[in-house]
Amino acid sequence: MLLVQIKENESIDKALKRFKKKFEKTGVLKELRSRSAFEKKSVKRRQQVIHASYVQKMREGEEL
């Protein structure tokens, strides 16, 4: 359970923004979406390899 302490004279919008940021960091929605449909291990592994190659290309582009 996430708790966000509202500071004195803090607007609800700012507190809600902090709550959303904390909630996103927990990864609950990401896990929920991944569990919504079964995914074979081979498909999951293929996606990991594709993502890793993408990240590697991005990092190589930064170095240049």
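In the predicted model, residue M1 is located in the segment that precedes helix α1. With a relative accessibility of 95%, M1 is classed as exposed, because exposure is assigned over 50%. Although M1 and F23 are 22 residues apart along the chain, their C-alpha atoms are separated by 9.6 Å.

The segment before α1 also contains N9. The phi angle of N9 is near 60°, which is a positive value in a residue other than glycine. In general, most residues other than glycine have a negative phi. N9 is exposed, and its relative accessible area is 77%.

E10 belongs to the segment before α1 as well, helix α1 itself covering residues 12-26. Two interactions of the E10 side chain may be described. In one of them, the side chain reaches the backbone nitrogen of K7 at a distance of 2.9 Å. In the other, E10 forms a salt bridge with R18, and the closest N and O atoms of this pair are 3.0 Å apart. When neighbours within four places in sequence are set aside, the residues in contact with E10 are Q5, A15 and R18. R18 thus appears both as a contact of E10 and as its salt-bridge partner. The relative accessible area of R18 is 30%, so R18 is partly exposed, a class that lies between the limits of 20% and 50%.

Salt bridges were considered for the structure as a whole, and the model holds two of them. In general, side chains of opposite charge can pair when their charged atoms come close. Besides the pair of R18 and E10, a salt bridge joins the side chains of R35 and E31, with a distance of 2.7 Å from N to O. R35 and E31 both lie in helix α2 and are four residues apart, which means that about one helical turn separates them. The two partners fall into separate accessibility classes: R35 is exposed at 65% relative accessibility, whereas E31 is partly exposed at 40%.

Aromatic pairing was examined next. How many aromatic pairs does a search of the whole structure find? The search finds one. This pair is formed by F19 and F23, and its geometry is stacked, with 6.2 Å from centre to centre and 20° between the planes. The pair counts as stacked because the angle of 20° is under the limit of 30 degrees. Within helix α1, F19 and F23 are four residues apart, so they are separated by about one helical turn. Both rings belong to partly exposed residues: F19 has a relative accessibility of 32%, and F23 has a relative accessibility of 31%.

The residues of the aromatic pair also take part in a surface feature. L2, L16, F19, F23, V28, L29 and L32 form a nonpolar patch on the surface, and together they have about 560 Å² of accessible area. Helices α1 and α2 are the elements that give two or more residues to this patch, α2 covering residues 28-35. Patch residues need over 30% relative accessible area, so F19, at 32%, meets this requirement. F23, at 31%, meets the requirement as well, because its value is also over 30%. L32, another member of the patch, is placed in helix α2. At 54% relative accessibility, L32 is counted as exposed.

Helix α1 also includes T26. T26 is partly exposed, its relative accessibility being 44%. The side chain of T26 reaches the backbone oxygen of F23 at 2.5 Å. F23 therefore appears in several of the features described here: it is a member of the stacked pair with F19, a member of the nonpolar patch and, through its backbone oxygen, a partner of T26.

Separations across the chain were also computed. T26 and E60 are 34 residues apart in sequence, and their C-alpha atoms are 29 Å apart in space. Q56 is located in helix α3, which comprises residues 41-63. With a relative accessible area of 49%, Q56 is partly exposed, since exposure would require a value over 50%. Between Q56 and Q5, which are 51 residues apart along the chain, the C-alpha separation is 40 Å. Q5 is also one of the residues in contact with E10.

Terms used: Residues are numbered from 1 along each chain as its sequence is written. This is a predicted model: local features need pLDDT of at least 70, side-chain atom pairs count only at pLDDT 80 or more; totals for chains, interfaces and linings use all residues. Side-chain values use heavy atoms; hydrogens and water are left out. A polar contact is a pair of N or O atoms within 3.5 Å; within protein, one must be able to donate a hydrogen and the other to accept it, and residues adjacent in sequence count only if both atoms are side-chain atoms. Contact means heavy atoms within 4.5 Å. Patches are made of residues with over 30% relative accessible area and no salt bridge: like charges are joined within 9 Å, nonpolar side chains (Val, Leu, Ile, Met, Phe, Trp, Tyr) within 5 Å. Accessible areas come from the Shrake-Rupley method with a 1.4 Å probe; for residues, only the protein chains shown count as cover. A salt bridge is a side-chain nitrogen of Lys or Arg within 4 Å of a carboxyl oxygen of Asp or Glu. Buried means under 20% relative accessible area, exposed over 50%, partly exposed in between (1.4 Å probe, protein chains only). Rings of Phe, Tyr and Trp (its six-membered ring) pair if their centres lie within 6.5 Å; planes under 30 degrees apart count as stacked, over 60 as edge-to-face and the rest as tilted.
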